[in-house]
Amino acid sequence: AGSGGALSMSALKVSSAAGYATSLRPEGEDADRPLKIQLQLPCFLNMAACFSKLGLHKPASEACDEALKLDPKSTKALYRRGMARMDMTKFAEAREDLLQLQKLDPTNADAGKALTKLATMEAKSKASAKSTFTNMFKKQIVEEVDSDEEQAPNKTSSAPAIPPALAAAAAAAASTGSRSQAEVTGVRQYTLQQDVAPTVKIAGLYDGGGDD
């Protein structure tokens with residue numbers, strides 16, 4: 001907490017210094033620019049460093065914007081803005097800053113390390129996004145299947161009861177004992193799909209033959 005408070009105070013001080021430097025405006029643009037670069041550029045660079053350490057990446061990037069307006073070839077401003085953009089997951093913009101830094105200073109070791117870190121962060125971000133999308137897609141499929149199963153009608157009907165009249169007729173036929181009539185040996189009940197009319201079949205025998 002103490003370190004964060006000190007950094008906040010430092011950012012406030014350099015911000016005030018940058019404001020003071022802005023108020024110093026000698027006559028003429030040519031005379032003004034060297035003074036602004038001399039006084040303001042270090043202030044904006046220090047502001048960017050303080051904001052970055054505080055995790056305030058957007059203000060850090062904006063401070064670097066101001067520094068680069070004063071000196072478009074400032075390697076410190078390019079590096080610090082590139083790092084701030086990287087932490088904001090603005091990978092394409094961060095790469096532009098770091099590649100520009102390498103172009104201005106090919107021997108800059110920090111630029112190479114930052115580009116390596118950028119590639120790793122970008123790969124992890126893509127993998128995470130892909131995993132998130134895949135899990136969302138799987139979840140949606142499962143929910144749709146569950147919904148379809150809940151809404152599907154029960155296509156198997158319960159076994160219908162044998163009509164009393166049919167049961168009585170079967171019993172009467174069985175009690176006659178006449179071989180001239182179909183001998184009722186039993187009643188079988190079938191469970192059919194709902195879209196088929198319920199049917200009850202009586203199995204009988206005709207002189208040793210069987211009919212349904």
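Leaving aside neighbours within four places in sequence, Leu45 is in contact with Ala67, Ser74, Lys76, Ala77 and Arg80. This is a statement about a predicted model, and it is a convenient place to enter the structure. Leu45 belongs to the largest nonpolar core, which has 17 residues. Leu41, Phe44, Leu45, Met47, Ala67 and Ala77 are the members that touch the most other members. Two of these, Ala67 and Ala77, also appear in the list of contacts of Leu45. The elements that give two or more residues to this core are helix H2, which covers residues 29-53, together with H3 and H4. A second core, separate from the one around Leu45, has eight residues, and Met86, Leu98, Ala114 and Leu115 are among them.

The overall layout puts these cores in context. The protein has 212 residues, and 22% of them are buried. Its secondary structure consists of seven helices and three strands. Read from the N terminus, the order is α-α-α-α-α-α-α-β-β-β, with the helices ahead of the strands. Among contacts with a separation of 6 or more, 49% join residues that are 24 or more positions apart. The accessible surface comes to about 14200 Å², and carbon and sulfur atoms hold 56% of that area.

The charged side chains come next. Side chains of opposite charge can pair when their charged atoms come close. With a cut-off of 4 Å between a side-chain nitrogen of Lys or Arg and a carboxyl oxygen of Asp or Glu, the count comes to six salt bridges.

One of them lies within a single helix. Lys69 pairs with Glu66, and their closest N and O atoms are 3.2 Å apart. Both residues sit in helix H3, which spans residues 57-70, and they are three residues apart, about one turn of the helix. How accessible are the two partners? Lys69 is exposed, with a relative accessible area of 57%, while Glu66 is partly exposed at 31%.

Other salt bridges join into a network. Which residues are linked in it? They are Asp65, Arg81, Arg85, Glu93 and Asp97. Within this group, Arg85 forms a salt bridge with Glu93 at 3.5 Å, N to O. Arg85 also meets Asp97 in a salt bridge, here at 3.0 Å. Arg85 lies in helix H4, residues 75-87, and Asp97 in helix H5, residues 91-104, so this pair ties together parts that are twelve residues apart in sequence. The accessibility of these residues can be compared with the cut-offs: under 20% counts as buried, and over 50% as exposed. Arg85 has a relative accessibility of 13% and therefore counts as buried. Asp97, at 4%, is buried as well. Glu93 has 34%, so it counts as partly exposed.

Asp97 deserves a second look from its own side. Its place is in helix H5. The side chain of Asp97 makes a polar contact with the side chain of Arg81, at 2.8 Å. Which residues does Asp97 touch, beyond its neighbours within four places in sequence? They are Leu78, Arg81, Gly82 and Arg85. Two of these, Arg81 and Arg85, are also members of the salt-bridge network that includes Asp97.

The last stop is helix H6, which covers residues 109-151 and contains Phe133. Phe133 counts as exposed, with a relative accessibility of 57%. Together with Phe137 and Ile141, Phe133 forms a nonpolar patch on the surface. The accessible area of the three residues together is about 330 Å². Gly112 is found in helix H6 too. At a relative accessible area of 26%, Gly112 is partly exposed. Gly112 and Gln102 are ten residues apart in sequence, and their C-alpha atoms are 7.7 Å apart in space.

Conventions
Residues numbered from 1 in each chain as written. Predicted model: local features only at pLDDT ≥ 70, side-chain atom pairs only at ≥ 80, totals over all residues. Heavy atoms only, no water. Helix = DSSP H or I, 4+ residues; strand = E, 2+ residues; numbered from the N terminus. Buried < 20%, exposed > 50% of the residue type's maximum accessible area, 1.4 Å probe, protein only. Core = buried A, V, L, I, M, F, W, Y, C linked by side-chain atoms within 4.5 Å. Contact = heavy atoms within 4.5 Å. Patch = residues over 30% accessible without salt bridge, like charges linked within 9 Å, V, L, I, M, F, W, Y side chains within 5 Å. Areas by Shrake-Rupley, 256 points an atom, 1.4 Å probe, with all protein chains shown as cover. Polar contact = N/O pair within 3.5 Å; in protein donor to acceptor, adjacent residues only side chain to side chain.
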